[in-house]
Amino acid sequence: MKNLKTLVLGALMMLAIVLIYDYIKGYKTDQENLIAQTELIEKEVRNVSKLIVTEVNYGKVYTYENTKSYGWDFFASKKKALVVSNAKAQVIYNLKNLEYSVDAENKQIIFSKLPEPIININPNLSLYQLDNGILNTFEAKDFNSMKQKISKDIERQIRNSDILKNADDRLLLELSRIFVLSNSMGWTVIYDGKSVENITEITEFKD
């Protein structure tokens with residue numbers, strides 16, 4: 001009887017050891033998988049942390065005029081020119097400014113702030129039919145003034161066109177890659193305190 005008790009106790013101890021070993025092994029494997037998933041998600045975010053550039057060219061003809069008065073109603077000097085502008089405009093998203101955090105314990109990737117679009121405009125001006133006034137001739141500040149006015153006009157056109165929307169679409173396409181990867185591993189994407197349940201909800205990021 002004593003030998004039987006000893007055998008039973010021994011068997012129970014062996015079973016406990018096996019169960020503890022399996023638990024530790026399983027826990028270790030789960031932790032290793034979690035670390036691997038976290039590293040993979042962070043790598044994917046780094047991969048999309050780049051410049052997204054939407055580029056368009058604008059060509060237009062402007063008339064520039066400037067009148068300088070010398071205090072007498074009957075005397076003023078006007079200068080004018082025909083200005084041909086060929087401008088390259090860019091809408092840029094710098095995803096290095098994407099603010100996010102990774103909560104490995106709860107398997108969440110949390111976006112707190114999306115980058116704002118940057119509009120860059122570089123007008124290349126050609127001047128024709130320069131007509132200097134008697135006491136009002138063209139100077140460097142006139143060319144700077146032309147560039148500023150033309151840049152503002154092009155920015156207004158960009159904001160009233162589909163260019164910004166197209167740039168937004170490219171940004172959201174990059175972010176959807178993170179959602180697809182995260183979702184495939186059972187992670188949740190959080191934005192503005194809400195979980196993103198499907199890929200179509202990514203569009204709400206920019207609303």
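Is Gln129 buried or exposed? In this predicted model, Gln129 is exposed, because its relative accessible area of 64% is over the 50% that sets the limit for exposed residues.

## Overall architecture

The protein holds three helices and seven strands, and from the N terminus on these elements follow the order α-β-β-β-β-β-α-α-β-β. Of the 207 residues in the protein, buried residues make up 30%. Among the contacts with a separation of 6 or more, 74% are accounted for by residues 24 or more positions apart.

## Helix H2 and its two sides

Helix H2 (residues 140–159) consists of 20 residues and reaches 29 Å from its first C-alpha to its last, which is close to the 28 Å expected at 1.5 Å a residue. The buried residues in this helix are Asp142, Met146, Ile150, Ser151, Asp153, Ile154 and Ile158. They lie on the same side of H2, because the arc that they cover around the axis is only 170°. On the other side of H2, the exposed residues are Lys141, Gln148, Lys149 and Lys152. As a general background to such patterns, an α-helix has 3.6 residues a turn, so residues three or four places apart point the same way.

## Asp142 at the start of H2

Asp142 has its place in helix H2, and this residue counts as buried because its relative accessibility is 4%, whereas the limit for buried residues is under 20%. A polar atom of the Asp142 side chain lies 2.7 Å from the backbone nitrogen of Glu139. When residues up to four places away in sequence are not counted, Asp142 touches Tyr64, Lys79 and Thr137; two of these, Tyr64 and Lys79, appear again in the aromatic group described next.

## The aromatic group around Phe138

The structure holds two aromatic pairs. One of them is formed by Tyr64 and Phe138, and this pair is tilted, with 6.1 Å from centre to centre and 45° between the planes. The pair links distant parts of the chain, since Tyr64 belongs to strand S1 (residues 51–72) while Phe138 sits in the loop between strand S5 (118–131) and H2, 74 residues apart. Both Tyr64 and Phe138 are buried.

Together with Phe143, the residues Tyr64 and Phe138 form one aromatic cluster. Lys79 lies over the face of Phe138, at 5.5 Å from the ring centre, and Lys79 is also among the residues that Asp142 touches.

## Two buried residues with distant contacts

Ile41 has its place in helix H1 (residues 2–48), and Ile41 is buried, with a relative accessible area of 0%. Leaving aside neighbours within four places in sequence, Ile41 is in contact with Ile109, Leu181, Ser182, Met185 and Trp187. For one of these partners, Met185, the C-alpha to C-alpha distance from Ile41 is 9.7 Å in space, although the two residues are 144 residues apart in sequence.

Ser85 is found in strand S2 (residues 75–94) and is buried, with a relative accessible area of 2%. Not counting residues up to four places away in sequence, Ser85 touches Tyr58, Gly59, Lys60, Tyr62, Pro123, Asn124, Leu125 and Ile150. Of these, Ile150 is also one of the buried residues in H2.

## Residues with positive phi

Most residues other than glycine have a negative phi. Lys107 has a positive phi of about 55° although it is not a glycine, and Lys107 lies in the loop between strand S3 (99–103) and strand S4 (108–113). With 30% relative accessibility, Lys107 counts as partly exposed. Gln129, the residue of the opening question, likewise has a positive phi of about 55° without being a glycine; the place of Gln129 is in strand S5, and Gln129 is exposed.

A glycine with positive phi follows helix H3: this is Gly186, whose phi is near 80°. Helix H3 (residues 163–184) has 22 residues and reaches 32 Å from its first C-alpha to its last, close to the 32 Å expected at 1.5 Å a residue.

Terms used:
Residues numbered from 1 in each chain as written. Predicted model: local features only at pLDDT ≥ 70, side-chain atom pairs only at ≥ 80, totals over all residues. Heavy atoms only, no water. Helix = DSSP H or I, 4+ residues; strand = E, 2+ residues; numbered from the N terminus. Buried < 20%, exposed > 50% of the residue type's maximum accessible area, 1.4 Å probe, protein only. Polar contact = N/O pair within 3.5 Å; in protein donor to acceptor, adjacent residues only side chain to side chain. Contact = heavy atoms within 4.5 Å. Expected span 1.5 Å × (residues − 1). Arc of directions from axis to C-beta. Phe/Tyr/Trp six-rings, centres within 6.5 Å; stacked < 30°, edge-to-face > 60°. Lys NZ or Arg CZ within 6 Å of the ring centre and 35° of its normal.
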